[in-house]
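Welcome, and take a moment to look over the model before reading on. The report below walks from one residue out to the whole fold and back to a few single positions.

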Amino acid sequence: MFKFPIVDGTIPHAVMGRFGAGRVMLKPAAPGTGIIAGGPVRALLELAGITDVLSKSLGSDNALNMVKAAAQGLQSVASAQTIARRRGKTVGQIYGWEE
């Protein structure tokens, strides 16, 4: 089990998950889009509580590799607060709102 940020029902930024020969691209989507994903990845995203996301399987069509690649991608999602803390800045400085 792992935690990752969800912003308005979607992920905060696009990620590429990789596992073995499987590669899965996950992109944030506008509210109301739904989960646009293939069978095994759709199940994972629904269980994770995501309501709007776009995905594409780019590598292997092996279901287990696709799910593990999607999970790896979700583990690499980071919130703006986490990135700011890592860089020693505020969220406003990262987005250019303040100097």
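Which residues does L45 touch, once those up to four places away in sequence are set aside? In this predicted model, L45 touches L26, I35, A37, I50, V53 and L74.

**The core around L45**

That list leads straight to the nonpolar core. The largest nonpolar core has 16 residues, and L45 belongs to the group that touches the most other members, together with V24, L26, V41, I50 and L74. Three elements give two or more residues to this core: β2 (22-28), α1 and α2. Of these, α2 gives the most, with four residues. As background, nonpolar side chains in soluble globular proteins tend to be buried together.

**The fold as a whole**

Stepping back, the protein has four helices and four strands. Followed along the sequence, they come in the pattern β-β-β-α-β-α-α-α. The C-alpha trace spans about 45 × 30 × 25 Å along its principal axes. Of the 99 residues in the protein, 33% are buried. If you look at contacts between residues at least 6 apart in sequence, 55% of them join residues at least 24 apart.

The surface is worth a look too. The protein exposes about 6,100 Å², and carbon and sulfur atoms supply 55% of that area. As for charge, there are 11 positive and 6 negative side chains, with the centres of the two sets 10 Å apart.

**Four positions outside the helices and strands**

Here are four residues to find in your viewer, each with its place and its relative accessible area.

| Residue | Place | Relative accessible area |
|---|---|---|
| D8 | segment before β1 (15-19) | 66%, exposed |
| A37 | loop between β3 and α1 | 16%, buried |
| G38 | loop between β3 (35-36) and α1 (39-48) | 39%, partly exposed |
| S79 | loop between α2 (63-75) and α3 (80-87) | 15%, buried |

Start with A37, one of the residues touched by L45. Why does A37 count as buried? Its relative accessibility is 16%, and buried means under 20%. Leaving aside neighbours within four places in sequence, A37 is in contact with R42, L45 and S55. A37 also lies 9.9 Å from M25, C-alpha to C-alpha, and the two are twelve residues apart in sequence.

G38 is in the loop between β3 and α1. G38 counts as partly exposed because its relative accessibility is 39%, which falls between the limits of 20% for buried and 50% for exposed. How far apart are the C-alpha atoms of G38 and Y95? They are separated by 33 Å, with the two positions 57 residues apart along the chain.

S79 sits in the loop between α2 and α3. Is S79 buried or exposed? S79 is buried, at a relative accessible area of 15%. The side chain of S79 makes a polar contact with the side chain of T82, at 2.9 Å.

D8, finally, is in the segment before β1. What is notable about the phi of D8? Phi is near 55°, a positive value in a residue other than glycine. D8 counts as exposed because its relative accessible area is 66%, and exposed means over 50%.

Technical notes: Residues numbered from 1 in each chain as written. Predicted model: local features only at pLDDT ≥ 70, side-chain atom pairs only at ≥ 80, totals over all residues. Heavy atoms only, no water. Buried < 20%, exposed > 50% of the residue type's maximum accessible area, 1.4 Å probe, protein only. Contact = heavy atoms within 4.5 Å. Areas by Shrake-Rupley, 256 points an atom, 1.4 Å probe, with all protein chains shown as cover. Lys, Arg positive; Asp, Glu negative; His and termini not counted. Charge placed at Lys NZ, Arg CZ, Asp CG, Glu CD. Polar contact = N/O pair within 3.5 Å; in protein donor to acceptor, adjacent residues only side chain to side chain. Core = buried A, V, L, I, M, F, W, Y, C linked by side-chain atoms within 4.5 Å.
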